[in-house]
Amino acid sequence: MNIIICVKQVPDSTEVKINPETNTLMREGVKSVINPFDYYAIEEAVKIKERFGGKVTVITMGPPQAGEVLKEAVTLGCDEAFLLCDRKFAGSDTWATSYALAAAIKHIGEFNLILCGKQASDGDTAQVGPGIAAHLNISQAVNVSKIDFENENKAVVNKMTEQGYDVCSINLPCVMTVVKEINTPRMPSLKGIMRAKKAQIKTLGADDIKADASKIGLEGSPTRVVKIFAPQHNKENVVFNDCSEEVINKIAKIIKDGSI
Amino acid sequence: MAEILNDINKCTGCGECINACPFSAISLINAKAVIDSGKCTLCSSCVNVCPVSALSLSESEKKKQSNFDCKDVWVFCEQKDGVVMPVTYELLGEGKKLADKLKARLCAVLPGYDCEQAIEKLKERGVDIVYYVKHELLKNFNDDYYSETLIELCKEYKPEIFLFGATSMGRAVASRIAVKLHTGLTADCTSLDIDEEKHLLLQTRPAFGGNIMATIITPNHRPQMATVRHKVMKEADINPLANAQVIVKEYGANLFSSNAEFVKSVKEIAETINISDADIIVSGGRGMGSKENFSILEEFAKTIGASVAASRAAVDSEWIPYSRQVGQTGKTVCPKLYIACGISGQIQHLIGMQSSKTIIAINKDPDAPIFKYADYGIVGDALKIVPMLTEILKKKD
């Protein structure tokens, strides 16, 4: 089975802090990590490869330093890695990003299954996975918490919903986005770490994947950001700087009665 | 290829752009702003704040906004077994405001089968038209069937705006439709408005993984699509006397080809209280320190009749199950009272609870962002304060 995984490098959101004066992000010195949901996609791909044999190819679109997440993916069991990197991709929204990834996948070649994490922890849109399926014109299964293969061409999946889950059958090739419930990602093995040291990451530019210039980057993005601002808040805003008995009693009264 | 340019003749080196940049891509070199193109994402925050208009976004040949032959505000009606999901009514409430500003019609779009009851419920909510896309294969959700039929409907009737609930179904189908129709889709909008001058939908959502909001537009593609979470907007009023035109579309087999097939739906055993519907919520974050400490919140919640919820940090640390997570990747809640204990108040958490009527925050850090959004706050250790509150409130009964 040829499995392709799409991953993303994101800022470690537990570390991103806000500058209290300007209300802007302080990203300096914040680590970049692999998108947490992607670990589950990688683990699932490696499990499937262990069962059916084949190859796991990992791909990411990002600046040069995004290659770090590809190395990490290789330590976890991916065989081949591609970095989709080109200034022409800058400013891409989810439409342009999924277009570029789909074009890269077409360039890479045959595949049976594309796995993605449900969403990235910086954008949280969950749009790129299904977007890739739409660009490639193949079926999708979103929010997958379980995959059972009837054979190499057909799977039965659980897709999480607000009420529980839907069970669906789906023929390959297709795209699946996975949630945390699907598995427990393994730790990197020594073998994986050694392999990553030797791993060659292949870089692909816009021309390599024959991307249509009008469909990538800022120009290719149907959506535009027109304004960035700090959130408004018009709350009463009474903050007590001490926790004396008097203050605690006041708060208790608010909880009981709904007012001071 | 687009890039941000700085006219150094105009640039005064004031540094406003540096403060505004969410990616720390700008620095002052020789007292002029210089942009690191390796970090710049072309978001244009700097362009918007430059007091002397020295910064600009250069693009090759900006497309002129076409005159679109489209109208009306559409709302996707998610139904399960013929029952309309509540988020739909909220979208209709918001949709009505948008339609009024555009002087357009509000249309409910309902794919399904045996949905006659649902149609009656939709009529009561101020819609002008119900498009009932009727087919037995639409009874249960299938990504392909839903996308293809709605795409066909869009091509025929050309909506200006198409709104979806940010549910698992809504997000899956909206993403697919947006790509195939080659149009823009903004996820999890916290507010929607119309720029009446430019006749555009203004879509606002949290951005760049931090405490910043972005307003987004889809200037050159139609329909303008957006998803909105449950409990963010207000439901449309019910008017039992209202009527609406019902247009039934029965598409042919050519639109119903898919590699996927629905097998069954499984309902999980509901938690004793679904936090989405709770009136009072006590929520714990990283500041609670451990799984064991959550028992302090359980005790407190029991005393005041609340449900216990948590921030993403607590769930990621496995102190409490994911079903209790409030926030952008968890649930949106709208209780009368939300008590945040040891929660810093990252925007991803806030958008899950900021429409709570009263918010009380307890946190050791006086600079925690949550204090800006709370009605009342105590700077202190939740682990000490919450048991004290529990004691007092036990006595009050």
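Biologist: Helices (H or I, at least four residues) and strands (E, at least two) are DSSP runs, numbered from the N terminus. What kind of model is this?

Modeller: This is a predicted model, in which local features need pLDDT of at least 70 and side-chain atom pairs count only at pLDDT 80 or more, while totals for chains, interfaces and linings use all residues. Residues are numbered from 1 along each chain as its sequence is written, chains are lettered from A and ligands numbered from 1 in the order in which they are written, and side-chain values use heavy atoms, without hydrogens and water.

Biologist: How many cavities does a search of the whole structure find?

Modeller: Seven, counting those of 30 Å³ or more. A cavity is a set of points, on a 1 Å grid over the protein atoms alone, where a 1.4 Å probe fits but cannot get out. The largest one holds about 180 Å³, a volume being the space filled by probe spheres set on the points.

Biologist: Which residues lie nearest the centre of the largest cavity?

Modeller: Thr161(A), Asp166(A), Phe141(B), Ser168(B) and Met169(B), out of 17 that line the cavity. Lining residues have an atom within 4 Å of a point.

Biologist: Which elements supply the lining?

Modeller: In chain A, strands E9 (139-151) and E10 (154-160) each give at least two residues, as do strand E6 (79-80) and H6 in chain B. H6(B) has the largest share, with three residues. By class, the lining has six nonpolar, five polar and six charged residues. Ala, Val, Leu, Ile, Met, Phe, Trp, Tyr, Cys and Pro count as nonpolar, Asp, Glu, Lys and Arg as charged, and the others, Gly among them, as polar.

Biologist: Back to H6(B). How does H4(A) pack with H6(B)?

Modeller: H4 of chain A (residues 128-136) and H6 of chain B (residues 168-180) meet at about 40°, axes 8 Å apart. So H4(A) is oblique to H6(B). Under 35 degrees is roughly parallel, over 145 roughly antiparallel, 65 to 115 roughly perpendicular, and the rest oblique. Axes are lines fitted to C-alpha atoms over the stretch in contact, and angles run from 0 to 180 degrees between N-to-C directions.

Biologist: Which residues of H4(A) meet H6(B)?

Modeller: Pro130(A), Gly131(A), Ala133(A), Ala134(A) and His135(A). Opposite them in H6(B) are Ala172(B), Ser175(B), Arg176(B), Val179(B) and Lys180(B). Contact means heavy atoms within 4.5 Å. That contact has five nonpolar, three polar and two charged residues.

Biologist: And at what angle do H3(A) and H4(A) cross?

Modeller: Roughly 55°, with the axes of H3 (residues 94-108) and H4(A) coming within 8 Å. H3(A) and H4(A) are therefore oblique to each other. Trp95(A), Tyr99(A) and Leu101(A) are among the H3(A) residues in this contact, and Ile132(A) and Leu136(A) among those from H4(A). By class, the contact has eight nonpolar, five polar and one charged residues.

Biologist: New topic. Where are the cis peptide bonds?

Modeller: One joins Leu172(A) and Pro173(A), with omega about 0°. Pro173(A) sits in the loop between strands E11 (164-171) and E12 (174-178) of chain A. Another runs from Arg222(B) to Pro223(B), with omega near 0°. Pro223(B) is in the loop between strands E14 (212-217) and E15 (224-228) of chain B.

Biologist: What is the phi of Ala126(A)?

Modeller: Positive, about 65°, although Ala126(A) is not a glycine. Most residues other than glycine have a negative phi. Ala126(A) lies in the loop between strand E8 (113-117) and H4 of chain A.

Technical notes
On a 1 Å grid over the protein atoms alone, a cavity is a set of points where a 1.4 Å probe fits but cannot get out, and a pocket is an open set with protein on both sides within 12 Å along at least five of seven lines; lining residues have an atom within 4 Å of a point.
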